[in-house]
Each structure stands twice: as C-alpha cells, then as structure tokens.
Amino acid sequence: MEQRHLGRTGLRVSRIGLGTLTWGRDTDEHDAADQLKAFWDAGGTLVDTADVYGDGEAEFLLGRLVGSLVPRQDLVIATKAGNVPDPHRRVDGSRGHLLAALDASLERLGTDYVDLWQVHAFDPATPLEETLQAVDHAVSSGRVRYAGVSNFSGWQLAKAATWQLAAPGARTRLASTQMEYSLLQRGIEREVLPAALDLGIGLLPSSPLGRGVLTGKYRRGTPSDSRGASERLAPFVEPYLDDAAARVVDAVATAADGLATSPLHVALAWIRDRPGVAAPVVGARNAAQLGEALSVEALSLPYEICRALDDVSAPVHRYPDQDWSTL
C-alpha cells in the first residue's frame, strides 16, 4: 500500500487507515485479529483507536494483538483522549485528565509510546493553551511521537495550530486533524480543510463511506444485518438516508457500473485522493469487508467521474466561505 506523509511532518502512514470503533463491543478478538492481519498483509500501517472506544476495550484488544500477531514497529498506532462519559461534561481537555488518560491508554495498549495522540474534541471549558501544554509534555516525555486533534472547527484548528507554531522547537507541531468527511458530508471544505491545507496539517477522514450508506446497501431498504437496522446505531445512519443523499448514492452507483467496480471503491477512491487527505480511516465488521475496502488500492478515478461526483455532492458555499469578489 502506498505511504503518505502525515501533514508537514516526517511521519508516513498507509493511505488507508484501520478503524477500531467497534472493537471490543461488536467486533470480538477473533474478528479483530483477522482484520489486523489482513490489514498488515496488505501493507497497512495506520491503526486508529480511542480511549472511549468500547470503554477502553478497543485499546485493550489492540494491545493483545500487537506483538503477538503483528510487529509493533510495523504499525502507526493512533489513539485519542478527551471525550468523557459524563452527561454534564462530554469533553475534558484539562492537563490532568489528558495525561492520566494517556497513561491508561499506554497500559491497555501494552506499549510505552503511541505514534499519534489526538485530542478528541475541543473543550470550551479549558484554556486551549492548557490542553496544548499537555500535548507538549506528552511528546517531550517520550510517550507520544506525533500529535493531532479531532472534531475541531476551522477557527479552533487554526488557533491550536498557530499556537503550536509560535515557538518552533518548544512546542509540538500538529500533524493531523481527524474529521468526518465523505461524499455525503463535505462540511469541512468550508473552513477546516482550507485551514489544514494552509497550515500543513494532514486530514484523516472518519466515516469516509458516509456511515456505510455510500456502499449502496440501503438503496432498496435497510438490510437486517446493517448498522441502520441496529437500535443503537440507526440514529447514526438515518441522517444520510434522505433524498439528497440518495441522489449522491445513485451517482456513485452509476460511476461504479461504468468502471466495472463497486460503489464502495468509487466512494473510497474519491475521498482518498482529495486534496489534503492523508488516509481515510475505514472500519469493518469482519476481514472480508475490510478486504474489499483495501482492494481499492489499484483504483484511481478518471477526472470526468471525479468532476461529476463533485458536482452532485457539492455543498453550498456562500459568504464568507466563498471569495467575496465572486459574489
């Protein structure tokens, strides 16, 4: 698998990442092992997790598999901290919480460092400089090699990245931002993506298949074994089952028919090769599903198809997101 630099750093990652959101909850150790082995065999390196995935079980499961199944040095392990299961405070970016969460993640993962540590969300109740000082301390202590953020808006990302660039050498440059991005969700193109491109921050798209809808599986109803049929995950899928989304999915299916490939491949190739994207993070129920996603490596979409997909899925950009002189 092709490797790409993560933003304007020396860290290289596979251009498809493996997500572990369901590990330890819907994906058991056997299926997780099959996925990790298939991913590694295909040349994949970036494995993304978080301390809250499965209440820590995803990290614990990954830690059990690394070393015994796949060499630690062959993986770029990325995890996150900052989300908390508290109905009164969903995010905690304080120094105390973040550093304690990092220590707990390292213990579950069975490693003394993570390659990429991401602040899971912006915390309006904590001064941003305190959050970023925790990031700097984690890197200077050797427990973290590179740092990033997740779910930051455009101004939040720009503020954080600029703060870190203000004192080169003393602060850790942000390597990445992880955001939901797909043909069905292009909102980050308004401000987040331009900020990331300008500041040299690599983008790690989550839900690159539109929460599964871009595979075309929902075109004729909701399959009984899909996320959309799950009581817990149906609300996650439902926003992408409207008429506007259906038009995009139909266009993806038409392009797939013309290229003799699958809608999954078309949607994944489109997002993989967008400007600023380092690696879409793909989650799967089993190794067979993951294998289908990984086989996109050889596909590059023709320019005309990319333009057609761009047009059918284009978000509305008006003032002040669009150049005022063109309005």
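In this predicted model, the charged end of Arg171 sits over the ring of Trp163, 4.5 Å from the ring centre. A charge counts as over a ring if NZ of Lys or CZ of Arg is within 6 Å of the ring centre and within 35 degrees of the ring normal. Arg145 does much the same job of covering a ring: it lies over the face of Tyr113, at 3.7 Å from the centre.

Rings also meet other rings. Those of Phe, Tyr and Trp (its six-membered ring) pair if their centres lie within 6.5 Å, with planes under 30 degrees apart called stacked, over 60 edge-to-face and the rest tilted. That gives three aromatic pairs. Phe122 and Phe152 have ring centres 5.5 Å apart and planes at 85°, so this pair is edge-to-face. The two are 30 residues apart, with Phe122 in the loop between strand E6 (114-119) and helix H4 (128-140) and Phe152 in the loop between strand E7 (144-150) and helix H5 (154-165). Helices (H or I, at least four residues) and strands (E, at least two) are DSSP runs, numbered from the N terminus. Both Phe122 and Phe152 are buried, meaning under 20% relative accessible area, against over 50% for exposed and in between for partly exposed (1.4 Å probe, protein chains only). Ring pairs tie Phe122, Phe152 and Trp155 into a cluster.

Tyr181 and Trp270 make another edge-to-face pair, at 6.1 Å centre to centre and 65° between planes. Both of these residues are buried too.

Residues are numbered from 1 along each chain as its sequence is written, and side-chain values use heavy atoms, leaving out hydrogens and water. Local features need pLDDT of at least 70, side-chain atom pairs count only at pLDDT 80 or more, and totals for chains, interfaces and linings use all residues.
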